[in-house]
Amino acid sequence: MSGITRDPNPHLGFGGGGPHHCLGKSLAVLEIDLIFDAIADAMPGLRLAGDPRRLRSAWVNGVNELRVEA
Ligand code: HEM
């Protein structure tokens, strides 16, 4: 399964669980949850308005632009 709601979600965004695993993970996850909750509350009809424009990189996977409409 893919997408942001996937479960399980074994991403490596905060490290792989080794000795230097991100100490701020819980704070960062809380802040990100609050940000997306606030966006969803403010714009309940938010939906995709096109395909993402992806970052062109062989090093980092990312999205440069993701157009939405409310
Ligand atoms: C979206 C936000 C964040 C991301 C994506 C992120 C990501 C990471 C990653 C990938 C590492 C290295 C993990 C490893 O080598 O195994 C790391 C380490 C670390 N992060 Fe974060 N981080 C975030 C937010 C924060 C915040 C908010 C704090 C503190 C308030 C924080 C504190 C640290 C510290 C202290 C380390 C070093 C731990 C060590 O070397 O033992 N991070 N983070």
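**Exercise 1. List the residues around the ligand and sort them by class.**

Step 1. A residue is near a molecule if one of its heavy atoms lies within 4 Å of it. Around the ligand this gives G13, F14, G15, P19, H20, H21, C22, L23, G24, L27 and A28. The structure is a predicted model, where local features need pLDDT of at least 70, side-chain atom pairs count only at pLDDT 80 or more, and totals for chains, interfaces and linings use all residues. Residues are numbered from 1 along each chain as its sequence is written, and side-chain values use heavy atoms, with hydrogens and water left out.

Step 2. Ala, Val, Leu, Ile, Met, Phe, Trp, Tyr, Cys and Pro count as nonpolar, Asp, Glu, Lys and Arg as charged, and the others, Gly among them, as polar. The shell then holds six nonpolar, five polar and no charged residues.

**Exercise 2. Find the protein donor to the iron atom and place it in the chain.**

Step 1. Donors are N, O and S atoms within 2.8 Å of the metal (3.2 Å for Na, K and Ca); water is not among the atoms, so sites may look incomplete. The iron atom has a single donor from the protein: SG of C22, at 2.2 Å.

Step 2. Helices (H or I, at least four residues) and strands (E, at least two) are DSSP runs, numbered from the N terminus. C22 belongs to the segment before α1 (25–42).

Step 3. P8 is also placed in the segment before α1. The peptide bond between D7 and P8 is cis, with omega about 5 degrees.

**Exercise 3. Describe the chain as a whole.**

Step 1. The protein chain has one helix and four strands, in the order α-β-β-β-β along the sequence.

Step 2. The radius of gyration, taken over C-alpha atoms, is compared with a globule rule of 2.2 Å times the number of residues to the power 0.38. For 70 residues a compact globule would have a value near 11 Å, whereas the protein chain has 15 Å.

Step 3. Along the principal axes, the C-alpha atoms fill a box of roughly 40 × 30 × 20 Å.

**Exercise 4. Is W59 buried or exposed?**

Step 1. Buried means under 20% relative accessible area, exposed over 50%, partly exposed in between (1.4 Å probe, protein chains only). W59 is exposed, because its relative accessible area is 80%.

Step 2. W59 sits in the loop between β2 (53–54) and β3 (63–65). Its C-alpha atom is 23 Å from that of A28, 31 residues apart along the chain.

Step 3. Of the 70 residues in the protein chain, 3% count as buried.
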